[in-house]
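Biologist: Please take me through the reading of a model, one feature at a time. I would like the general idea each time, and then the case at hand.

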Amino acid sequence: MIRRQPVSATADHAEERTNPAARLGFQPGQVVQEIGYDDDVDQELRESIEEAIEGDLMDEEYDDVADAVVLWFRDDDGDLTDALVDATTYIEEGGAILLLTPKTGRDGYVEPSDIQDAATTAGLTAAKSVSVGKDWSGSRLATPKAAKSKR
């Protein structure tokens with residue numbers, strides 16, 4: 001006979017299920033740079049991220065290394081691969097890019113296959129995809145950790 005221990009959800013675990021920023025792994029004290037901000041972004045998600053990191057999002061003018069990048073990208077914003085490669089220059093080795101694109105049927109929708117191709121070409125791996133709001137989908141893309149060289 002298997003005995004199961006009673007389990008109760010803590011506030012932290014409940015928040016992870018309801019807060020997209022927590023589900024995406026944002027942590028207090030992280031420096032997060034935001035690229036591609038425009039008037040169509042999801043303000044609730046932005047506030048959720050700022051609450052999770054306990055600070056403000058850094059804008060495109062931020063000139064230091066960040067722990068993560070939030071990249072708002074629409075189909076007409078140019079070349080996604082170039083945008084991802086540029087975003088990797090702003091983050092720590094092993095950091096993450098949260099690529100936010102409009103959902104299916106919304107202006108600026110980006111095909112999932114285009115996201116996958118661009119991520120692969122930019123040397124990123126898709127770690128997690130999540131619905132982050134009414135109009136936006138998020139793809140968490142991880143940068144590879146650099147291999148240690150013995151030269």
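Biologist: Which elements do the buried residues of α3 pack against?

Modeller: Packing is read from contacts, meaning heavy atoms within 4.5 Å, and the elements are DSSP runs numbered from the N terminus, helices being H or I over at least four residues and strands E over at least two. In this case the buried residues of α3 pack against α2, β1, β2 and β3. This is a predicted model, in which local features need pLDDT of at least 70 and side-chain atom pairs count only at pLDDT 80 or more, while totals for chains, interfaces and linings use all residues. Residues are numbered from 1 along each chain as its sequence is written, and side-chain values use heavy atoms, with hydrogens and water left out.

Biologist: Which residues of α3 are buried, and why do they line one face of the helix?

Modeller: Buried means under 20% relative accessible area, exposed over 50%, and partly exposed in between, with a 1.4 Å probe and protein chains only. An α-helix has 3.6 residues a turn, so residues three or four places apart point the same way. In helix α3, which spans residues 43-53, the buried residues are Leu45, Arg46, Ser48, Ile49, Ala52 and Ile53. Seen down the axis of α3, they fall within an arc of 160°, so they line one face; the arc is that of the directions from the helix axis to the C-beta atoms. The face turned away from this buried side carries the exposed residues Glu44 and Glu51.

Biologist: Which residue caps the N-terminal end of α3, and what phi does Glu54 take just after the helix?

Modeller: The cap is a polar contact, that is, a pair of N or O atoms within 3.5 Å, where within protein one must be able to donate a hydrogen and the other to accept it, and residues adjacent in sequence count only if both atoms are side-chain atoms. Here the capping residue is Asp42, with a side-chain oxygen 3.0 Å from the backbone nitrogen of Glu44. Just after α3, Glu54 takes a positive phi of about 55°. The C-alpha atom of Glu54 is also separated by 6.3 Å from that of Gly29, although the two residues are 25 apart along the chain. Gly29 lies in the loop between α2 and β1 and is exposed, with a relative accessible area of 60%.

Biologist: How many salt bridges does the count come to, and which residues do they join into one network?

Modeller: A salt bridge is a side-chain nitrogen of Lys or Arg within 4 Å of a carboxyl oxygen of Asp or Glu, and the count comes to four. One of them is between Glu34 and Arg46, whose closest N and O atoms are 2.7 Å apart. This pair links distant parts of the chain, with Glu34 in strand β1 and Arg46 in helix α3, twelve residues apart, and both residues are buried.

Modeller: Arg74 forms a salt bridge with Asp40, the closest N and O atoms lying 2.9 Å apart. Arg74 is in the loop between β2 and α4 and Asp40 in the loop between β1 and α3, so the pair ties together parts that are 34 residues apart in sequence. Arg74 also forms a salt bridge with Asp77, again with closest N and O atoms 2.9 Å apart. Arg74 counts as buried at 8% relative accessibility, whereas Asp40 is partly exposed at 34% and Asp77 is partly exposed at 37%. Through shared partners, the salt bridges join Asp40, Arg74 and Asp77 into one network.

Biologist: How many aromatic pairs does a search of the whole structure find?

Modeller: Rings of Phe, Tyr and Trp (its six-membered ring) pair if their centres lie within 6.5 Å, and planes under 30 degrees apart count as stacked, over 60 as edge-to-face and the rest as tilted. The search finds one pair, formed edge-to-face by Trp72 and Trp136, at 4.8 Å centre to centre and 80° between the planes. It links strand β2, which holds Trp72, with strand β5, which holds Trp136, 64 residues apart. Trp72 is buried at 1% relative accessibility, and Trp136 is buried at 3%.

Biologist: Where, finally, do the buried residues of α5 pack?

Modeller: The buried residues of α5 are Ile115, Ala118 and Ala119, and seen down the axis they fall within an arc of 100°, so they line one face of the helix. They pack against α4, β3 and β5, while the face turned away from them carries the exposed residues Thr120 and Thr121. α5 is followed by Gly123, whose phi is positive, near 80°.
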